[in-house]
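This report describes the fold of one protein chain. It proceeds from the overall architecture to the sheet, the interior and a single loop residue.

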Amino acid sequence: LWFEWNLIRILLFDYTHMDKKLIVSHLEVVLKGQISELSIEINSVNEEIAKETKSSAGDKFETSREMMNQERGRLEERMAHLKRQFNVLMGFQQDKVSTLVENGALVATASHLLFFGLAFGKLIINDKVVMVLSLNSPIGKAFVSKQKGDLITFMNQQHIIKSIY
């Protein structure tokens with residue numbers, strides 16, 4: 001019964017028609033949007049810092065200014081992270097067909113579609129769920145250097161690699 005159910009899942013959930021270029025372009029749009037929004041936030045904080053005038057209550061001024069500087073620092077760290085992710089994404093060879101699970105590989109199992117290279121999370125593209133994961137993640141470490149047909153056991157679940165793109 002277990003085997004029959006998994007065979008039915010394989011036939012029903014055919015993820016092999018997802019295009020790696022579509023995933024990369026979708027991630028590119030999302031990352032560019034996040035970078036743009038963050039840039040607006042950073043500019044807003046910078047404007048607030050510039051508007052801040054020193055009052056007679058010096059400690060209050062210094063505390064407020066320091067809080068804004070800390071917020072700007074957090075936003076700039078997030079911006080640097082997003083730009084690193086974007087640069088990694090742009091470095092993927094979209095036309096390269098992988099034979100092993102590596103950065104930039106799109107992996108189809110019976111029930112999952114996994115894109116390795118970025119720690120991004122779940123995307124929904126054309127009504128299909130794509131998990132975008134780092135090879136440094138626990139599941140990434142389980143899949144790294146595996147090939148088509150390999151069986152991977154992760155968190156008491158078995159995954160057979162149907163295809164690698």
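The chain contains four helices and six strands. The model is a predicted one. From the N terminus onward, the elements succeed one another in the pattern α-α-α-β-β-β-β-α-β-β. Of the 165 residues in the chain, 34% are buried. The exposed area of the chain is about 10400 Å², and carbon and sulfur atoms supply 54% of that area. Among contacts with a separation of 6 or more, 59% link residues 24 or more positions apart.

**The sheet**

The six strands form an open sheet in the order 3-4-2-1-6-5, and the pairing is mixed. Strand 3 (121-125) and strand 5 (151-154) are the edge strands, each of which pairs on one side only. On average, neighbouring strands of this sheet are turned by 35 degrees against each other, direction ignored. Strands of a sheet pair through backbone hydrogen bonds, in either the parallel or the antiparallel sense.

Three of the strand pairs are set out below with their bridges and one example of facing residues.

| Strand pair | Sense | Bridges | Bridge partners |
|---|---|---|---|
| Strand 3 and strand 4 | antiparallel | five | lysine 122 and methionine 131 |
| Strand 1 and strand 6 | antiparallel | three | threonine 109 and isoleucine 161 |
| Strand 5 and strand 6 | antiparallel | four | isoleucine 152 and histidine 159 |

Strand 6 comprises residues 157-164. In addition to the partners tabulated, leucine 151 stands opposite isoleucine 160 in strand 6.

Two hairpins deserve separate mention. The hairpin of strand 3 and strand 4 has two residues between the strands, and asparagine 126 adopts a positive phi near 50 degrees there. In the hairpin of strand 5 and strand 6, also with two residues between the strands, a positive phi near 50 degrees is found at methionine 155.

**Helix packing and the nonpolar cores**

Which strands does helix 2 lie across? Helix 2 (residues 20-51) lies across strand 1 (106-109), strand 2 (113-116), strand 3 and strand 4 (128-133), and runs at about 115 degrees to strand 3.

The largest nonpolar core has 25 residues, of which Ile23, Leu27, Leu89, Phe115, Val130 and Val132 touch the most other members. Two or more residues of this core come from each of helix 2, helix 3 (58-90), strand 1, strand 2, strand 3 and strand 4. Helix 2 gives the largest share, with nine residues. Another core, of 14 residues, lies apart from the largest one and includes Ala105, Phe116, Leu133 and Leu135. In a regular strand, side chains alternate between the two faces of the sheet.

**Leucine 100**

Leucine 100 is located in the loop between helix 3 and strand 1. Is this leucine 100 buried, exposed or partly exposed? Leucine 100 counts as partly exposed because its relative accessibility is 34%, and that class lies between the limits of 20% and 50%.

Not counting residues up to four places away in sequence, leucine 100 touches Ala105, Ser145, Lys146, Gln147 and Ile164. One of these contacts, Ala105, also belongs to the core of 14 residues. Leucine 100 and tyrosine 165 are 65 residues apart in sequence, while their C-alpha atoms are 9.0 Å apart in space.

Terms used
Residues numbered from 1 in each chain as written. Predicted model: local features only at pLDDT ≥ 70, side-chain atom pairs only at ≥ 80, totals over all residues. Heavy atoms only, no water. Pairing = 2+ DSSP bridges. Axes fitted to C-alpha atoms, helices over the stretch in contact; angles between N-to-C directions. Contact = heavy atoms within 4.5 Å. Buried < 20%, exposed > 50% of the residue type's maximum accessible area, 1.4 Å probe, protein only. Areas by Shrake-Rupley, 256 points an atom, 1.4 Å probe, with all protein chains shown as cover. Core = buried A, V, L, I, M, F, W, Y, C linked by side-chain atoms within 4.5 Å.
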